[in-house]
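Dear colleague,

I am passing on the structure we spoke about, and my notes on it come straight after. Please keep it open while you read them.

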Amino acid sequence: MRTGVWLMGARGSVATTSIVGALALRAGLTEPTGCVTELPDLRGPALPAFADLVLGGHDVVVTPLTKRAGALAAARVLPGRLVDALADELADVEAALRPAPTGGTQAERATAVARDLTDFQRRHGLDRVVVVNVTATEPVAAAHPAHHDLAALRAALAGPGAVLPASSLYAYAAFTAGCPYVDFTPSTGARLPALKALADEQGLPYAGHDGKTGETLVKSVLAPMFAMRHLTVRSWSGVNLLGGGDGATLADPAANAAKVDSKQRVLGETLGYVPQGGTRIDFVPELGDFKTAWDLVTFAGFLGTGMRMEFTWHGCDSALAAPLVLDLARLTAAAHAAGRRGPLAELAFFFKDPLDAPTHSLAEQWALLREFVAGLHARAG
C-alpha cells in the first residue's frame, strides 16, 4: 500500500526528524524504537510498510532539508552518520517539497495546496496521501460565522481576509484533495463544524490534536492512578522549559495559552475536577530542541493526611514526536483503506486533546487502540 505522508511544516524539527527516521527505517539503518505500530500487539498487514511511505510536504521556510538535518545532528537530536548516509534520499525528498502558498485569497491558496497533493499522489503512483500538520502552534482561532456551514465557508474563502487559520486551511485543502488529515499540534485544524461536514462529504477520516510526547504523557498515567486509588489531588503545578522553534513560537502569549489549555485538559477530564495550580511554559533558547518539565503534585489520603510527589522529565521533543508522526500516518492510512470516515477517536492514545475521546486514561486509550488495530488487521487479512 504505497502511502504518501505529506508534512505541513516539512522543514521544521519534528518533520525533519520524521523524514530522516522514515528513510533510515526504510534503509535498515536504525531500529523502530518509539514506533508504537511496531509493537507485537499492533504490527500487522493493514499498516503500510516503512518501505511504502513516500514523503513530501509544504513549508514557508526554504532552508534545504539536508541543512536542517545537519543542524539537528549538530544539536544531538539525530545521528550525523544518518544524515551523511541518507544524503541521496534526502535530496529526493527535497525535490518533493513545495513552498506553502502565500498570495491571493484563501480559496486560491487552498486550491494550490490541493493541487500539490493531487500531483504528488499521481506522480508517485500512491494509493493515498495522509496530510500531517506539524507546523507551529497557533493562537486560538477567532470565531467566524462561516465555520459552522460548509457552503458559507466555501463562499467566504473566495473573499478577502482570513476566514480560517492556517491549520484549518490545510485541513480544508487536504479534504478537498481527498486526503485524510492528522493534526499533531494544538491548533484548530479540523475542529470546525464546516470541516467536519467536508470530511463527511468526502468520506475521509481525520485525527488530532496535539501529540502527547512528554509531561502530559506522564500526567495521563499518574492522574488515573490518583483517581483509582480515591486520593484527592489538591494541586498540580508544572513548569516547562524549552528552546528551539517550538519554544520561540510559544513565547507568543496567545500561542502559549492555546498550548497550556491543551496540556491541562487531561487533569479535569480524568479526575472529574480541576485541582489548584497550572502549567507554565518558558522559552529558554539555550536548551535548543530539548525540554525539561518539572511537576509538583500535592494530594490527600485517608483522614486528610497531606502528601506530595514530584517528577522531572528531560526529553527531546523531536525524537519523541517523530515516531508518533509515522505511527499516525500509517494508522490513518489503514483506517482510510478500511472505509473509516470522521474523527478517529481510537487514536486518542497519541494526543493530549484527542477528538471525541471517551477517556484520557493512557491504559484505557491503549486498550481502545489495540482493539481498533486488531479490527483493521482482521479486515486486511
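The notes below take up a sheet, the helices that pack on it, and one residue. Please bear in mind throughout that this is a predicted model.

The sheet is an open one of four strands, arranged in the order β8-β7-β9-β10, and its pairing is mixed. Because β8 (279-283) and β10 (306-316) each have a single partner strand, they stand at the edges, and one side of each is left without a neighbour in the sheet. From one strand to the next, the twist averages 10°.

Within this sheet, strand β7 (residues 232-242) and strand β9 (residues 290-300) run antiparallel and are joined by 10 bridges; asparagine 240 stands opposite alanine 293 in β9. Helix α9 (residues 215-228) packs on the sheet, where it touches β7, β8, β9 and β10, and its direction makes about 155° with that of β10. Helix α12 (residues 317-337) also packs on the sheet, but its contacts there are with β9 and β10, and its direction makes about 80° with that of β10.

One residue of helix α12 that I looked at in detail is threonine 332. Is threonine 332 buried or exposed? Its relative accessible area is 0%, and because buried means under 20%, threonine 332 counts as buried. Once its neighbours within four places in sequence are left aside, threonine 332 is in contact with Val130, Pro180, Val182, Pro205, Leu344 and Leu347.

With best regards

Technical notes: Residues numbered from 1 in each chain as written. Predicted model: local features only at pLDDT ≥ 70, side-chain atom pairs only at ≥ 80, totals over all residues. Heavy atoms only, no water. Pairing = 2+ DSSP bridges. Helix = DSSP H or I, 4+ residues; strand = E, 2+ residues; numbered from the N terminus. Axes fitted to C-alpha atoms, helices over the stretch in contact; angles between N-to-C directions. Contact = heavy atoms within 4.5 Å. Buried < 20%, exposed > 50% of the residue type's maximum accessible area, 1.4 Å probe, protein only.
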